[in-house]
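Trainee: Could you take me through the reasoning behind the labels, setting each value against its cut-off?

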Amino acid sequence: MTSHTTKGAFDCIVIGGGHAGSEAAAALARMGFAALLLTSNVDHLGQMSCNPAIGGLAKGHMVREIDALGGRMGLWADAATIQFKMLNTSKGPAVRAPRGQMDRELYARAVKRDLYTTPNLTVMQDMVTGLELENGRARAVTTYLGRRFEAAAVLVTAGTFLRGKLFFGEQIYAGGRLGDAASNALSPSLERAGVSLRRFMTCTPPRVLAASIDFDELVPQPGEESPRGFSFHGPKVALPQRPCYMTWTNEKSHKVISDNLLRSPMYNGAIPGPGPRYCPAIEDKIARFPEKTSHQIFVEPEGLDNPLYYLNNLPTGLPVAVQQEFINTMAGLKRCQIVRPGYAIEYDCIDARSLKPTLESQAVPGLWFAGQINGTSGYEEAAAQGIFAALNIAARLSGKPPFLPGRDVSYIHVLTDDLTTKGTNEPYRMFTSRAEHRLLLREGNADLRLTPAGREYGLVSDEQWAVFSRKAAAIAELTDALDTITVRPDAATRPLFESLGEAAPSNSRTLADILRRPNMTAEKLAAFWPEVMRYPEEVRYEVATAVSYRGYLDRQKDLADRSASLEKTLLPETMPYHEVAGLTLEVVEKLTALKPMTLGQAGRIPGITPAAVACLDIHLRKMRRTKTP
């Protein structure tokens, strides 16, 4: 691709080399923009600060969407997966999701190899200490090493590093994560520019020595024998696969934790900020759910040759000695040795309601935010925001429309819309239940939903587009065949129905009609039409899902189409809400502060009623009539 910038200048500066920053920098560069990625330690690019896993419920959907758009997380994950599972296979297709256990070192190696070899991308080790404005716009950054870099856009993906503090019980240290320095100078610079900051916290579990684990006392959790992986178009998972394991806390564990509860920074007042509701510290679980006598703990490998295991579901901010004591009460972990303790971390983040729907700051044009700094948790949420911000920065720099695919098209847009419209008072985590039209947002059709958009914005490569085009054509061809080929109940077909445990129909039926039967699959249709098996498995699965759930999908599509007019109705950025008849003062204040881009977004703001949206619609119509000569 051709660079959009002049020699020696940058189109965008990305601050932070975590999952949001790495995804954003790679995307911008691959779209042809000169990107500078500044990180405090290049050795830690792509580091998995918490659990060595990618995907999960809703999170796996977003990884598939990132890949569909031309992003990299799915490819990086497939290069490092040592256990792959498709979750919820016994449930409906909307909630099935991929999850992969990663080799932590191989994942980081894949990220670094990709970033260092991407044209148009410059990676430098330095810490950003200041933001410079020009006529109110973000224009340049200054660094710890005394350098100054200019760009048309600045993207902050600082994760937990802004004024980060680490807590090991009563002991408190400055740090962005264990082993990395905090960024203490950038926060005051952002505040001087007009960006308001607040404090969130989270916890991470301990890592323990594999040689000190009694695996015979744990319950094995194997993965799939033939892992599919995350990427629609990349190489498949090729690494040897490893099992995870399970154990449980018990009454002894709970007593140790309860006896030391006031030594936790969340309970002794050291951290007043909110923590994650959906991945709370173990001490928080014990305090909030005293009736529960045990909690599942997953013992997960950190890599193929890594001597450490990760104790998933056991985040904690308790003192290290207390961590060692309660871990040694559990089956399989009685002689377990902590190598890397768990800890709590408190950090600066923003209220994402101060951002435009594109993740650009309302207060400072040209300044963008993505990742954990926006109040989210999780690698997948971070990477999703990274690619979303990159696409919108690219759209701004190239004069294209913003990338806002719609809540019925993308979980990534559900995420960013929730953040910028509703905000969050605790670290936000994506769930399938957050999407109104989740049956439309299946992990298996992410490419059908988003790859054309990724191609339009210049992120999908020719190779990926060729793979997608072949799949899309095969899906269309197979769907047409199932809708047109009929089966007559006669002497030849009745025994086939009987062999499949199905009653023969009373008259001719299409293959699609037969497939809609509860116990039928695309593979069973081969008894009537062997040609079905020449299509790839992923094509058969997607077509079978679309055909079997056609009625439900059509209803959800109708609902989405009805709300589309509200999403297409733009609100002026300088809309005079105080002039709109029928709006209460509270509604006027909320709309003026949040500046929604569309009527649809306005309607999702908490406290904005359908009646208020109707008032806005009437006022917009009046404004249009007034402007018409």
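Mentor: Let us begin with a charge and a ring, bearing in mind that this is a predicted model: the charged end of R64 sits over the ring of F232, 3.9 Å from the ring centre.

Trainee: What makes the charged end of R64 count as sitting over the ring of F232?

Mentor: The distance of 3.9 Å is to be set against a limit of within 6 Å for CZ of Arg, together with a position within 35 degrees of the ring normal. R434 is described in the same terms, since its charged end sits over the ring of Y428, 4.1 Å from the centre.

Trainee: The structure holds twelve aromatic pairs, so what makes the pair of F168 and Y343 tilted?

Mentor: The ring centres of F168 and Y343 are 5.6 Å apart, and pairing asks for centres within 6.5 Å. Their planes stand at 45 degrees, whereas stacked would need under 30 and edge-to-face over 60, so the rest, this pair included, counts as tilted.

Trainee: Where in the chain do these two residues lie, and how many residues apart are they?

Mentor: F168 belongs to strand β10 (residues 165-168) and Y343 to strand β19 (residues 343-349), so that the pair links distant parts of the chain, 175 residues apart. F168 and Y343 also form one aromatic cluster with Y173.

Trainee: Are F168 and Y343 buried or exposed?

Mentor: The cut-off for buried is under 20% relative accessible area; F168 has 7% and is therefore buried, and Y343, with 4%, is buried as well.

Trainee: Why is the pair of F403 and Y457 called edge-to-face?

Mentor: The centres of the two rings are 5.7 Å apart and the planes stand at 85 degrees, which is over the 60 degrees that the label requires, so the pair is edge-to-face. F403 lies in the loop between α9 (379-398) and α10 (411-422), while Y457 lies in the loop between α11 (446-456) and α12 (462-484), so the pair ties together parts that are 54 residues apart in sequence. Relative accessible areas of 3% for F403 and 10% for Y457 mark both residues as buried.

Trainee: Which strands stand at the edges of the open sheet with the order β3-β5-β4?

Mentor: In this sheet of three strands, with antiparallel pairing, β3 (53-55) and β4 (81-87) stand at the edges, because each has a single partner strand, which leaves one side of each without a neighbour in the sheet. Neighbouring strands are turned by 15 degrees against each other on average, direction ignored.

Trainee: How do you know that β4 and β5 pair?

Mentor: Pairing asks for at least two bridges, and β4 and strand β5 (residues 97-102) share six of them in the antiparallel sense. Within this pairing, Q83 stands opposite Q101 in β5, and K85 stands opposite R99 in β5. Five of the seven residues of β4 are buried, so β4 is largely enclosed by the rest of the structure.

Trainee: Why is R353 called partly exposed?

Mentor: R353, in the loop between β19 and β20 (367-369), has a relative accessible area of 31%, and since buried means under 20% and exposed over 50%, R353 falls in between.

Trainee: What makes the link between the side chains of R353 and D351 a polar contact?

Mentor: The separation is 2.8 Å, to be compared with a limit of within 3.5 Å for a pair of N or O atoms. The C-alpha atoms of R353 and T421, 68 residues apart along the chain, are separated by 5.9 Å.

Notes: Residues are numbered from 1 along each chain as its sequence is written. This is a predicted model: local features need pLDDT of at least 70, side-chain atom pairs count only at pLDDT 80 or more; totals for chains, interfaces and linings use all residues. Side-chain values use heavy atoms; hydrogens and water are left out. Rings of Phe, Tyr and Trp (its six-membered ring) pair if their centres lie within 6.5 Å; planes under 30 degrees apart count as stacked, over 60 as edge-to-face and the rest as tilted. Helices (H or I, at least four residues) and strands (E, at least two) are DSSP runs, numbered from the N terminus. Buried means under 20% relative accessible area, exposed over 50%, partly exposed in between (1.4 Å probe, protein chains only). Axes are lines fitted to C-alpha atoms, for helices over the stretch in contact, and angles run from 0 to 180 degrees between N-to-C directions. A polar contact is a pair of N or O atoms within 3.5 Å; within protein, one must be able to donate a hydrogen and the other to accept it, and residues adjacent in sequence count only if both atoms are side-chain atoms.
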